[in-house]
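Good morning, and thank you for the invitation to speak. I would ask everyone to have the sequence and the structure in view while I talk.

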Amino acid sequence: GTVKWCFGDVDCGTTLIATLTVWDAAGNMAVEVVELKDVDNMAPRIDSFEIGKLNHENDKPYLDITWSATDNCPNSVSVWVDQGYLERRYPDSDNTMTAQINPFEPEDWKDKWTGGKNSFTVAPGGMRWYLDDPAASGTVWIAFQDVCCNEATETTSFEGFEFDLDILIEVEGMGEVIGPEPGPYPYGEEICLTYEATDCWYFVEWQVEDRTGTWTDASDKLCFPLTGDSTVTAIFEQYVYTVSVVDDPTGAASELTAEATYLCGATACVNATPTDCYDFLYWDTGDATATGPSYCFKVDGDVTLTAVFKIKQRELSLSASPTKGGTVTGAGTYDCCASATITAYATDDCWEFVGWYDENGSIFETESATEFKLCEDKTLEARFEFLQHTITFVRDLDNGNINVNNNNRPNIVLDAVGQILAMTENATSLDFDCGDQLDLYPDARAGTYFDGWLIEYEDETVTTTPDATLLFDVTQDATITAFFELFPSQP
């Protein structure tokens with residue numbers, strides 16, 4: 001008879017045993033055993049076949065291809081790709097057996113790699129697929145063969161790679177990025193970005209974070225090929241300006257706002273306080289003026305503000321007392337705290353300067369000519385005093401060797417009033433107004449005669465005259481001596 005033996009998938013290395021047992025009518029049994037070895041009708045089993053994420057070796061894009069297949073009698077692995085090329089990273093060598101059938105081969109492939117049984121499993125990093133154009137789609141085929149001509153194939157592919165481009169601005173409102181909107185873009189597409197800074201801000205640099213790391217670019221226009229997810233940050237900074245303040249004229253301000261820096265758009269306030277000698281007029285801002293010592297404004301650039309002041313005027317009033325005693329110079333209008341020079345002149349030698357007195361009657365200065373700073377209105381009076389001089393009258397009777405009685409004593413007579421001087425004493429001192437003129441003559445009396453005048457001035461000047469009549473001008477203290485002699489006795 002015929003028995004049909006059916007069995008499922010059998011892999012290489014499996015032994016099939018068929019046992020035939022027969023009996024006759026008497027109950028006799030016969031057994032026959034048949035073994036079938038090296039039966040293989042099972043194709044290799046593909047456990048996994050995957051392509052990884054896009055990576056780069058320097059600037060070369062590639063994908064890792066990994067796979068795993070099982071078979072009791074593996075023979076060869078073939079891989080085909082439709083772009084780029086394949087590179088087996090390890091092992092270095094892998095022997096294959098000659099295929100027993102015409103193996104699978106896809107159409108329109110560009111590169112092929114074939115390995116042996118040691119390549120039935122390839123872990124990440126073992127096979128690289130270098131891409132010509134990651135933006136284009138790609139297909140990879142794989143075929144596994146065992147030694148019994150069984151074959152398994154699989155295909156996987158990817159669409160063209162796209163990446164997200166994130167455009168970030170560090171601070172809201174400081175600037176605008178002009179260019180593509182954030183979103184997915186094909187691999188390798190050139191991204192070009194420019195910027196527009198808002199008022200008071202300026203562009204510093206682009207900060208780019210992509211597959212290569214973090215890098216910067218200070219160009220106004222940033223262009224780069226998109227080869228991976230990228231984040232672009234436009235860095236803007238706010239302008240910082242200096243506000244300087246000066247006074248005009250220099251030194252007119254007692255307090256002045258110090259130089260300071262401000263962020264553009266900030267409000268700066270300055271203040272100027274004048275000294276006692278100045279009045280504040282206005283702020284000179286360079287293109288305008290502002291009244292008031294306090295001024296606030298929006299800072300939009302470096303600026304120097306000038307606080308303009310006007311110096312106060314001071315009045316100096318001078319007078320002489322008495323007016324006939326002298327004259328004064330130096331009165332008038334002066335800039336506050338300017339130097340003023342005043343001088344008092346006596347009318348003549350008969351007047352003497354006493355001092356300068358203020359409006360309170362207090363002594364201000366004893367020198368007739370002086371200089372001082374006029375920082376406030378001032379009234380001064382130059383006081384003069386009319387001089388008197390002491391004149392001492394002396395009579396000399398024969399060098400003081402002759403004694404006569406008072407009634408017979410010679411005298412000095414002031415003719416204007418007939419005043420007899422030094423009647424009882426040999427010396428008499430009298431005060432006279434400066435400028436008086438004394439008309440003097442001697443009164444010799446009996447037995448004596450006049451022998452001349454001797455005039456000794458305070459300034460040590462000495463004059464003599466034999467004239468009996470003496471006209472003497474009183475200009476300083478003096479001593480006037482009239483000499484008398486006795487007539488010689490008769491024999």
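**Strands, sheets and a pocket**

Let us begin with one pair of residues: Trp351 stands opposite Phe386 in strand E35. The model we are looking at is predicted.

Trp351 introduces us to strand E32, which covers residues 351-357. Strand E32 and strand E35, the latter spanning residues 378-386, pair in the antiparallel sense over six bridges. For those new to the subject, strands of a sheet pair through backbone hydrogen bonds, and they may do so in parallel or antiparallel fashion.

E32 has another partner to consider, strand E33, residues 363-365; two bridges join them, and they run antiparallel. Here Trp356 has Glu365 in E33 as its bridge partner. E32 and E33 form a hairpin with five residues between them. Within that turn, Gly361 has a positive phi of about 85°.

Is strand E32 largely enclosed by the rest of the structure, or largely open? Five of its seven residues are buried, so E32 is largely enclosed. The cut-off matters for this step, because a residue is called buried when its relative accessible area is under 20%.

I turn now to the sheets. One open sheet has three strands in the order E29-E31-E34, with antiparallel pairing. Its edge strands are E29, residues 326-329, and E34, residues 369-374, and each of these pairs on one side only. On average, neighbouring strands of this sheet are turned by 20° against each other, direction ignored. Strand E31, residues 338-346, is joined to E34 by six bridges, and the two run antiparallel. As an example from this pair, Ser339 has Lys373 in E34 as its bridge partner.

Another open sheet is formed by five strands, in the order E22-E20-E27-E24-E25, and its pairing is mixed. At the edges are E22, residues 260-263, and E25, residues 289-290, each pairing on one side only. Strand E24, residues 278-284, is connected to E25 by two bridges in an antiparallel arrangement. Trp283 stands opposite Ala290 in E25.

Next, I should like to compare two individual residues. Which of the terms buried and exposed applies to Thr448? Thr448 lies in strand E41, residues 448-457. Its relative accessible area is 7%, and Thr448 is therefore buried. Leaving aside neighbours within four places in sequence, Thr448 is in contact with Pro410, Glu485, Leu486 and Phe487.

Gly13, by contrast, is found in the segment before E1. At 61% relative accessibility, Gly13 counts as exposed. How far is the C-alpha atom of Gly13 from that of Thr347? The separation is 154 Å, and the two residues are 334 residues apart along the chain.

Finally, let us consider the largest pocket, which holds about 170 Å³ of space. Which residues line the largest pocket? They are Val3, Ala18, Thr19, Leu20, Glu32 and Val34. By class, this lining has four nonpolar residues, one polar residue and one charged residue. Strand E1, residues 14-23, and strand E2, residues 29-39, each supply at least two residues of the lining. E1 provides the largest share, with three residues.

To close, I return to where we began: E32, with Trp351 opposite Phe386 in E35, is a strand largely enclosed by the rest of the structure. Thank you for your attention.

Terms used: Residues numbered from 1 in each chain as written. Predicted model: local features only at pLDDT ≥ 70, side-chain atom pairs only at ≥ 80, totals over all residues. Heavy atoms only, no water. 1 Å grid on protein atoms, 1.4 Å probe; cavity = no way out; pocket = protein on both sides within 12 Å on 5 of 7 lines; lining within 4 Å. Points joined across faces, edges and corners; volume = space filled by probe spheres on them. Helix = DSSP H or I, 4+ residues; strand = E, 2+ residues; numbered from the N terminus. Nonpolar A, V, L, I, M, F, W, Y, C, P; charged D, E, K, R; others polar. Pairing = 2+ DSSP bridges. Axes fitted to C-alpha atoms, helices over the stretch in contact; angles between N-to-C directions. Buried < 20%, exposed > 50% of the residue type's maximum accessible area, 1.4 Å probe, protein only. Contact = heavy atoms within 4.5 Å.
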